[in-house]
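Welcome to this short briefing. Take a moment with the sequence and the 3D view, then read on for a guided tour.

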Amino acid sequence: MFTKILVAIDGSDISKIAFNKAIELAKMSKAELHAIYVIESGMISPGPVDTSWELIYQRFEKEGRDVMAELVEEASKKGVNVIPHLEAGHAGDTIINTALELECDLIVVGSRGKSKLDRLLIGSVSMHIVNYAKTSTLIIKN
């Protein structure tokens, strides 16, 4: 069925549902499972002398590491090894590029991110992936 699966997570409820579906698929297919958390760096624009952007980035990075650690532990309890990836960039492009680099044959992503504001400001990551990825994509709806 699948040999390598990449699941996108952002800490939202729907991404946790997508993560659990990816675990099921990985177990069924005996596939390698990768999880990616992308810090949307386009939202953080540094000023010429302002270092507050670095503090904001560090906060997002900590959140990403915490979410990833929790989910990796959860998968381990279910007998699935997850290879974590914490990246920064445009979420949709970063997920697509990571899937290509890893030679994944499936991307699993939730239909919505953390908030409606995120969708307004950065657009729908899932729609971007559906429109531009050459990799098969599974969109999980709540």
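Helices and strands here are DSSP runs, numbered from the N terminus, with at least four residues for a helix and at least two for a strand. By that numbering, Ile9 belongs to strand β1. Please keep in mind that this is a predicted model.

**The chain as a whole**

- The chain contains 5 helices and 5 strands.
- If you follow the sequence from start to end, these elements come in the pattern β-α-β-α-β-α-β-α-α-β.
- Of the 142 residues in the chain, 40% are buried.
- The accessible surface of the chain is about 8200 Å², and carbon and sulfur atoms account for 53% of it.
- Among contacts with a separation of 6 or more, 79% join residues that are 24 or more positions apart.

**Helix α1**

- Helix α1 covers residues 13-29, which makes 17 residues.
- From its first C-alpha to its last, α1 reaches 24 Å, close to the 24 Å expected at 1.5 Å a residue.
- Which residues of α1 are buried? They are Ile14, Ser15, Ala18, Phe19, Ala22, Ile23, Leu25, Ala26 and Ser29.
- These buried residues pack against the strands β1 (4-9), β2 (32-40), β3 (82-89), β4 (106-110) and β5 (137-140), and also against α2 (52-77).
- Just after α1 comes Lys30, which takes a positive phi of about 55 degrees.

**The nonpolar cores**

- In soluble globular proteins, nonpolar side chains tend to be buried together.
- The largest nonpolar core in this model has 25 residues, and the members touching the most other members are Ile5, Val7, Ile9, Phe19, Leu33 and Val108.
- Two or more residues of this core come from each of β1, α1, β2, α2 and β4.
- The largest share is that of α1, with 7 residues.
- Apart from this core lies another one, of 14 residues, including Leu6, Ile36, Val38 and Ile95.

**Three buried or well-connected residues**

- Is Ile9 buried or exposed? Ile9 has 5% relative accessibility, and because buried means under 20%, Ile9 counts as buried.
- Leaving out residues up to four places away in sequence, Ile9 touches Ser15, Phe19, Ile36, Tyr37, Val38, Val67, Met68 and Leu71.
- One of these partners, Met68, is 59 residues from Ile9 in sequence, while their C-alpha atoms are 8.0 Å apart in space.
- Leu33, with neighbours within four places in sequence left aside, is in contact with Ile5, Val7, Ala22, Ile23, Ala26, Val80, Asn81, Val82 and Ile83.
- Ser126 sits in helix α5, which covers residues 125-132.
- With a relative accessible area of 5%, Ser126 is buried.
- Beyond residues up to four places away in sequence, Ser126 touches Val109, Gly110, Ser111 and Ile139.

**Salt bridges**

- Side chains of opposite charge can pair when their charged atoms come close.
- How many salt bridges does the structure hold? The structure holds 6 salt bridges.
- One of them joins the side chains of Glu70 and Lys16, at 3.9 Å from N to O.
- Because Glu70 lies in helix α2 and Lys16 in helix α1, this pair ties together parts that are 54 residues apart in sequence.
- Both partners are partly exposed: Glu70 has a relative accessible area of 43%, and Lys16 has 28%.
- Another salt bridge links Lys21 with Glu24, where the closest N and O atoms are 3.4 Å apart.
- Lys21 and Glu24 both belong to helix α1 and are 3 residues apart, about one turn of the helix.
- An α-helix has 3.6 residues a turn, so residues three or four places apart point the same way.
- Lys21 is partly exposed, with a relative accessible area of 34%, and Glu24 is also partly exposed, at 44% relative accessibility.
- Lys78 and Glu74 form a salt bridge too, their closest N and O atoms being 3.6 Å apart.
- Here Lys78 is partly exposed at 36% relative accessibility, and Glu74 is partly exposed with a relative accessible area of 25%.

Note on methods: Residues numbered from 1 in each chain as written. Predicted model: local features only at pLDDT ≥ 70, side-chain atom pairs only at ≥ 80, totals over all residues. Heavy atoms only, no water. Expected span 1.5 Å × (residues − 1). Buried < 20%, exposed > 50% of the residue type's maximum accessible area, 1.4 Å probe, protein only. Contact = heavy atoms within 4.5 Å. Areas by Shrake-Rupley, 256 points an atom, 1.4 Å probe, with all protein chains shown as cover. Core = buried A, V, L, I, M, F, W, Y, C linked by side-chain atoms within 4.5 Å. Salt bridge = Lys/Arg side-chain N within 4 Å of Asp/Glu carboxyl O.
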